[in-house]
Amino acid sequence: MSITQFTMEEVRCFSGCQTLEIRPLTFLVGENSTGKTTALACFHVLANYLRGGGVDFNADPYSMGIFKDIVRNSRPKAKTFKLGFTTETVKWTVEFSEKIDGIEPTVSLVKLKFSDGEIVFRVGGNAGGGPPLSLVSFDKKHNYYEINCDADILKIFRSVSFFAFLLFGSDGPLEGNAEGKTALENYVKTLQNLQKGQYNLRGIGDHLSVFSTSPIRSRPKRTYDPTRESNDPEGSDVPMYLMRIEATEKRNWEALKTQLVEFGKTSGLFQNIEVKNLGRSLGAPFQLKFRVRGPNANIVDVGYGVSQILPILVHILGSNPHEMNFSLLQQPEVHLHPKAQAELSSLLARLANEGNRAFIVETHSDYMLDRARIEIIRGNIRPEDVSLIYFEPKGRIVKVHNISFDKMANMVGDPPHYGEFFLKESKRLLGFKD
């Protein structure tokens with residue numbers, strides 16, 4: 001089940017509801033401070049919540065602050081903000097409000113909208129020892145059901161199937177109108193029966209993996225000491241991973257190394273990679289060696305771009321093919337030569353075209369965008385599988401423009417002023433006045 005749309009409502013600089021069209025290869029472009037990183041962070045938070053990981057707006061590599069830092073600063077002050085995913089069959093909306101006894105965001109509503117109905121779980125109405133689950137409103141004709149519940153129930157979203165068990169198990173605590181409860185039970189059973197053909201009620205996150213990077217991903221070291229290293233979201237755990245599979249999983253190491261070297265050669269970054277062990281045990285120090293020109297050199301002695309792109313390459317090339325993998329990449333072109341930027345875009349297009357991998361790329365690189373368009377023309381990725389999202393600042397708010405491509409990679413839906421800066425610069429270069 002793939003995600004086709006991501007929505008943000010009343011988040012920071014985004015007024016109202018802004019919709020981002022998500023494709024296997026999605027680029028986020030725009031000036032600095034237009035909300036691109038905010039969009040990535042919110043996407044990651046929502047995906048993590050729906051796969052049962054709870055809510056954390058400050059998990060590495062993001063730091064969004066507390067509720068008042070995230071909700072839009074409007075007049076009157078917005079009291080909630082919403083994030084949402086749309087799949088082929090279900091639209092998920094999660095509302096966040098300020099925690100009563102804290103300052104961080106907490107889930108106050110989860111809404112699941114199907115083609116023929118809607119189920120809403122809302123926090124409220126259960127203070128003072130009331131029932132933890134209560135059907136407070138229903139419309140059997142339109143399959144609309146609203147359930148009040150304890151805040152603890154929505155802290156970690158599990159799945160609709162879990163809620164079905166909770167509601168209608170032998171000791172199900174759901175209270176409310178008997179007719180409505182029967183109608184809701186029958187509707188959920190209908191959805192469960194359609195699960196194989198249409199609806200996945202286990203939850204959108206059951207087979208969803210999300211990986212995020214920051215613009216600065218790692219600090220290379222001349223020698224790595226496994227006894228002193230710890231997991232680091234910024235990428236220093238990647239050398240440890242390479243050392244382990246080189247020592248214990250020779251087949252996987254050779255497969256990954258082949259792909260790494262292939263990209264290294266096409267991008268001009270390196271010709272070979274080697275893990276050099278300085279002892280005989282897994283706990284012994286080791287070094288990462290790369291051959292660029294001439295003999296192998298330590299990772300700290302080659303171009304900085306090698307250490308910055310390595311965590312991305314290792315993740316996207318070694319991801320689980322049985323999960324829907326979303327890689328959220330912040331400026332992956334940092335420290336890369338234009339040729340390497342373009343080749344990275346070709347790699348992302350190829351992987352996206354193979355299925356079960358999707359990439360949302362925040363970038364300032366025209367080389368990456370142009371190469372993606374070239375891959376469309378070459379037939380290496382379908383135009384409908386590439387999305388360009390332009391974040392346009394308008395005063396204190398930002399408007400999202402969804403741009404698509406035709407078979408000749410021409411942009412469709414781009415606003416008249418998109419690329420205006422680059423056009424002006426070209427005219428200045430030719431000697432024309434503004």
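**View 1. An open sheet of seven strands in a predicted model****.** The strand order is β11-β15-β16-β3-β17-β18-β19. The pairing in this sheet is mixed. Strands of a sheet pair through backbone hydrogen bonds, either parallel or antiparallel. Which strands form the edges? They are β11 (208–212) and β19 (411–412), and each pairs on one side only. Helix α9 (residues 338–353) packs on the sheet. This helix touches β3 (25–30), β15 (324–330) and β16 (357–362). The direction of α9 makes about 150° with that of β16.

**View 2. Where strand β18 meets edge strand β19****.** Strand β18 covers residues 397–405. Two bridges join β18 to β19. The two strands run antiparallel. Look for S404, which stands opposite V412 in β19.

**View 3. The hairpin of β1 and β2****.** Strand β1 spans residues 5–11, and strand β2 spans residues 14–21. They pair in the antiparallel sense, over six bridges. M8 stands opposite Q18 in β2. Two residues lie between the strands of the hairpin. What sign does the phi angle of R12 have here? R12 takes a positive phi, near 45°. In a regular strand the side chains alternate between the two faces of the sheet.

**View 4. F6 and F43, an aromatic pair****.** A search of the whole structure finds 14 aromatic pairs. In this one, the ring centres of F6 and F43 are 5.3 Å apart. Their planes meet at 70°, so the pair is edge-to-face. The cut-off for that label is over 60 degrees. The pair links distant parts of the chain: F6 sits in strand β1, F43 in helix α1 (residues 36–50), 37 residues apart. Are these rings buried or exposed? F6 is buried, at a relative accessible area of 1%. F43 is also buried, at 2%. F6 and F43 belong to one aromatic cluster with F85 and F326.

**View 5. F14 and F391, a pair across the sequence****.** These two rings form an edge-to-face pair. The distance is 6.0 Å centre to centre, with 70° between the planes. F14 lies in strand β2 and F391 in strand β17 (residues 386–394), so the pair ties together parts that are 377 residues apart in sequence. Both F14 and F391 are buried.

**View 6. The largest nonpolar core****.** This core holds 64 residues. Which members touch the most other members? They are F6, L20 and F326. The largest share of the core, ten residues, comes from helix α1. Now pick out L20. Leaving out residues up to four places away in sequence, L20 touches T4, Q5, F6, M8, L28, A39, I389, F391, V400 and N402. Another core lies apart from this one, with 54 residues. Its members include Y224, L260, L310 and L336.

**View 7. T93 and its contacts****.** T93 is in strand β5 (residues 91–98). At 12% relative accessibility, T93 counts as buried, because the cut-off is under 20%. Which residues does T93 contact, apart from neighbours within four places in sequence? They are K82, L83, G84, L109, V110 and K111.

**View 8. R378 and E375, a salt bridge in helix α10****.** The whole structure has 17 salt bridges in a search. Here the side chains of R378 and E375 meet, at 3.3 Å from N to O. The two residues are three apart in helix α10 (residues 366–378), so they are separated by about one helical turn. The partners contrast in accessibility. R378 counts as exposed, at 53% relative accessibility. E375 is buried, with a relative accessible area of 5%.

**View 9. A network of salt bridges****.** R350, E354 and R357 are linked in this network. One of its links joins the side chains of E354 and R357, at 3.5 Å from N to O. E354 is partly exposed, with a relative accessible area of 48%. R357 counts as buried, at 15%.

**View 10. The salt bridge of R23 and E21****.** The closest N and O atoms of R23 and E21 are 3.2 Å apart. R23 is partly exposed, with a relative accessible area of 26%.

Note on methods. Residues numbered from 1 in each chain as written. Predicted model: local features only at pLDDT ≥ 70, side-chain atom pairs only at ≥ 80, totals over all residues. Heavy atoms only, no water. Phe/Tyr/Trp six-rings, centres within 6.5 Å; stacked < 30°, edge-to-face > 60°. Helix = DSSP H or I, 4+ residues; strand = E, 2+ residues; numbered from the N terminus. Buried < 20%, exposed > 50% of the residue type's maximum accessible area, 1.4 Å probe, protein only. Pairing = 2+ DSSP bridges. Salt bridge = Lys/Arg side-chain N within 4 Å of Asp/Glu carboxyl O. Contact = heavy atoms within 4.5 Å. Core = buried A, V, L, I, M, F, W, Y, C linked by side-chain atoms within 4.5 Å. Axes fitted to C-alpha atoms, helices over the stretch in contact; angles between N-to-C directions.
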